[in-house]
Amino acid sequence: MNQFSEPKQIIKIFSTPTFDKWFENLKDNKLIVAINRRLDKIATNKHFGDHKNISGKLYELRIFFYNFIFFYMPFI
């Protein structure tokens with residue numbers, strides 16, 4: 001067995017100005033950490049967690065934090 005594994009392919013995540021403004025205005029540090037962890041898991045492990053295909057390449061990512069937080073991610 002080869003002790004070296006294939007290098008992981010990283011998914012590039014881009015944001016919109018609307019998302020950036022919303023994210024910069026968040027006050028809850030735990031929520032900020034939860035969103036950053038989720039995006040990191042997507043980028044490095046291709047682990048999308050709780051998500052739903054809305055249409056074509058548009059996905060709804062759901063984070064349960066106090067209540068559900070929904071944000072949308074298109075795959076290009």
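In this predicted model, the lining of the largest pocket is made up, by class, of 12 nonpolar, 3 polar and 1 charged residues. The space in this pocket amounts to about 450 Å³. Of the 16 residues that line the largest pocket, those closest to its centre are I13, F14, S15, M73 and P74. Two elements, helix α1 (residues 17-24) and strand β3 (residues 67-74), each give two or more residues to the lining, and the largest share, 4 residues, is that of β3.

The chain that forms this pocket contains 2 helices and 3 strands, which follow one another from the N terminus in the order α-α-β-β-β. Of its 76 residues, 25% count as buried, and the surface exposed by the chain comes to about 6400 Å², of which 57% is supplied by carbon and sulfur atoms. When contacts between residues at least 6 apart in sequence are considered, 34% of them join residues that are at least 24 apart.

Aromatic side chains were examined next. A pair of aromatic rings is described by the distance of the centres and the angle of the planes. The search of the whole structure yields 3 aromatic pairs. In one of these pairs, the ring centres of F19 and W22 lie 5.5 Å apart and the ring planes meet at 50°, so the arrangement is classed as tilted, given that the tilted class takes in angles that are neither under 30 degrees nor over 60. Both residues belong to helix α1, where a separation of 3 residues places F19 and W22 about one turn of the helix apart. F19 is partly exposed, at a relative accessible area of 21%, and W22 is likewise assigned to the partly exposed class, at 33% relative accessibility.

A further pair is formed by F19 and F23, whose ring centres are 5.6 Å apart and whose planes make an angle of 15°, so that this pair is stacked, the cut-off for stacking being planes under 30 degrees apart. F19 and F23 are again separated by about one helical turn, being 4 residues apart in helix α1. F23 has a relative accessibility of 19% and therefore counts as buried, because the buried class covers values under 20%, whereas F19, at 21%, is partly exposed. Taken together, F19, W22 and F23 are linked into a cluster by ring pairs.

In the other helix, α2, which spans residues 29-45, the position of A34 was considered. A34 has a relative accessibility of 22% and so counts as partly exposed, since values under 20% would be needed for the buried class. With residues up to four places away in sequence left aside, A34 touches I63 and F65. The residue F64 is separated from A34 by 30 residues in sequence, and the distance between the two C-alpha atoms is 9.4 Å.

Methods:
Residues are numbered from 1 along each chain as its sequence is written. This is a predicted model: local features need pLDDT of at least 70, side-chain atom pairs count only at pLDDT 80 or more; totals for chains, interfaces and linings use all residues. Side-chain values use heavy atoms; hydrogens and water are left out. Buried means under 20% relative accessible area, exposed over 50%, partly exposed in between (1.4 Å probe, protein chains only). Contact means heavy atoms within 4.5 Å. Accessible areas come from the Shrake-Rupley method with a 1.4 Å probe; for residues, only the protein chains shown count as cover. On a 1 Å grid over the protein atoms alone, a cavity is a set of points where a 1.4 Å probe fits but cannot get out, and a pocket is an open set with protein on both sides within 12 Å along at least five of seven lines; lining residues have an atom within 4 Å of a point. Grid points are joined across faces, edges and corners, and a volume is the space filled by probe spheres set on the points. Ala, Val, Leu, Ile, Met, Phe, Trp, Tyr, Cys and Pro count as nonpolar, Asp, Glu, Lys and Arg as charged, and the others, Gly among them, as polar. Rings of Phe, Tyr and Trp (its six-membered ring) pair if their centres lie within 6.5 Å; planes under 30 degrees apart count as stacked, over 60 as edge-to-face and the rest as tilted.
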